[in-house]
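Reader: I should like to learn how a chain is read from its atoms. May I put some questions to you once the structure is displayed?

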Amino acid sequence: MAYSLIVLVIILVLIVASVRIIPQSRAAVIERLGAYCKTWQVGIHAKIPLIDRIANDVSLKEKVLDFPPQPVITKDNVTMMIDTVVYFQITDPKLYTYGVERPINALENLSATTLRNIIGDLELDQTLTSRDVINTKMRSILDEATDPWGIKVNRVEVKNIIPPEAIKEAMEKQMRAERERREAILIAEGQKQSAILVAEGKKQSMILEAEAQKESAIQKAKGDAEAIREIQQAKAQGIAMLREAKADESVIKLRSLEAFEKASDGKATKIIIPSSIQGLAGIAASATEILKSD
């Protein structure tokens, strides 16, 4: 009885141990008597005790491998250190299990040799400015090479490029010289623009001054013409009034005498009187004497 109980317990333990639940994003490779049998996907599964075994339990999630910096030599014989990051995913658990021994180590070595081959075809300046080209070439080569291993390389990124110290110093001097050159160009451009603006300002000022002088001369000429026109109109109106009043020659001469009197105003030292009004002047003087005697 005790023996049967022990056997029953052993059978129950084996059954329980043979049942496995595979979670999401994982897979299990099953071997039967040492040969590949099948691949368990998500769900509950059971294997034959003592006959089947789980050869490998792998994750199907995308993984990131950050490899240490690798020494590489460029086409112009410059040695530098390049650090790369590889993003990959296991797509076939069977090939991943049986395709290559230690797949991660194999992927690391393949990445290092591929990087050296690519950098060997590029010069230093191209290496520093062609990261996208390096990434694309490495991803294509690694993806094709790892297909038999059940690995899909999704992306490769050059994380860091470390040139030698001498190259760093030369690059810093070059960048400093380039910045100084750009600064000198900007200063010269600023001075040029300033001189242009000053010249434009002087030009506009001279144009405005000339326009003002022109306008002033035009207005002065218009004023003189207007004054002459007013004088001529006044003379014409005076002559017209005399004609309307039917003034005779004696009245005109008397008005001329009054005009000479106002012109002298007691301040002139010499007055030239036309001979035509000298007689009227004498009459006017006699009349003045008579009025004073009265």
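Reader: What area does the chain expose, and what share of it do carbon and sulfur atoms supply?
Author: Accessible areas are computed by the Shrake-Rupley method with a 1.4 Å probe, and for residues only the protein chains shown count as cover. In this predicted model, totals for chains, interfaces and linings use all residues, whereas local features need pLDDT of at least 70 and side-chain atom pairs count only at pLDDT 80 or more. Residues are numbered from 1 along each chain as its sequence is written, and side-chain values use heavy atoms, with hydrogens and water left out. The chain exposes about 20,900 Å², and the share supplied by carbon and sulfur atoms is 58%.

Reader: How many helices and strands has the chain, and what percentage of its residues count as buried?
Author: Helices (H or I, at least four residues) and strands (E, at least two) are DSSP runs, numbered from the N terminus. By this rule the chain has 8 helices and 9 strands. A residue is buried under 20% relative accessible area, exposed over 50% and partly exposed in between, with a 1.4 Å probe and protein chains only. Of the 294 residues, the buried portion is 20%.

Reader: What percentage of the contacts between residues at least 6 apart in sequence join residues at least 24 apart?
Author: A contact means heavy atoms within 4.5 Å. Among contacts in the chain between residues at least 6 apart in sequence, the portion that joins residues at least 24 apart is 62%.

Reader: What length does helix α5 reach from its first C-alpha to its last?
Author: The expected span of a helix is 1.5 Å times one less than its number of residues. Helix α5 covers residues 131-145, which are 15 residues, and 21 Å is expected at 1.5 Å a residue. The span found in the model is close to this, at 21 Å.

Reader: Why do the buried residues of α5 line one face of the helix?
Author: The buried residues of α5 are Ile134, Asn135, Met138, Leu142 and Asp143. Seen down the axis of α5, they line one face because they fall within a limited arc, taken from the directions from the helix axis to the C-beta atoms. The face turned away from the buried side carries the exposed residues Asp132, Thr136 and Glu144. The arc that holds the buried residues is 145°.

Reader: Which elements do the buried residues of α5 pack against?
Author: The partners include two strands, β8 (79-90) and β9 (151-162). The helices in the list are α3 (103-120) and α4 (124-129).

Reader: Is Thr146 buried or exposed, and which residues does it touch beyond four places in sequence?
Author: Thr146 has its place in the loop between α5 and β9. Its relative accessibility is 0%, so Thr146 counts as buried. The C-alpha atoms of Thr146 and Pro103 are separated by 9.1 Å, although these residues are 43 apart along the chain. Not counting residues up to four places away, Thr146 touches Leu107, Leu110, Ile151 and Val153.

Reader: What is the distance from Val100 to Thr146, C-alpha to C-alpha?
Author: Val100 is placed in the loop between α2 and α3. Beyond four places in sequence, Val100 touches Leu95, Ala106 and Trp149. Val100 and Thr146 are 46 residues apart in sequence, and their separation in space is 9.6 Å.

Reader: Which residues form the aromatic pair, and what is the angle between the planes?
Author: Rings of Phe, Tyr and Trp (its six-membered ring) pair if their centres lie within 6.5 Å; planes under 30 degrees apart count as stacked, over 60 as edge-to-face and the rest as tilted. The structure holds 1 aromatic pair. The pair is edge-to-face, with 6.1 Å centre to centre; Tyr36 and Tyr98 form it, and the angle between the planes is 80°. The pair links distant parts of the chain, 62 residues apart: strand β3 (residues 35-40) for Tyr36, and helix α2 (residues 93-98) for Tyr98.

Reader: Which ring does the charged end of Arg155 sit over?
Author: A charge sits over a ring if NZ of Lys or CZ of Arg is within 6 Å of the ring centre and within 35 degrees of the ring normal. The charged end of Arg155 is 4.4 Å from the centre of such a ring, that of Tyr87.
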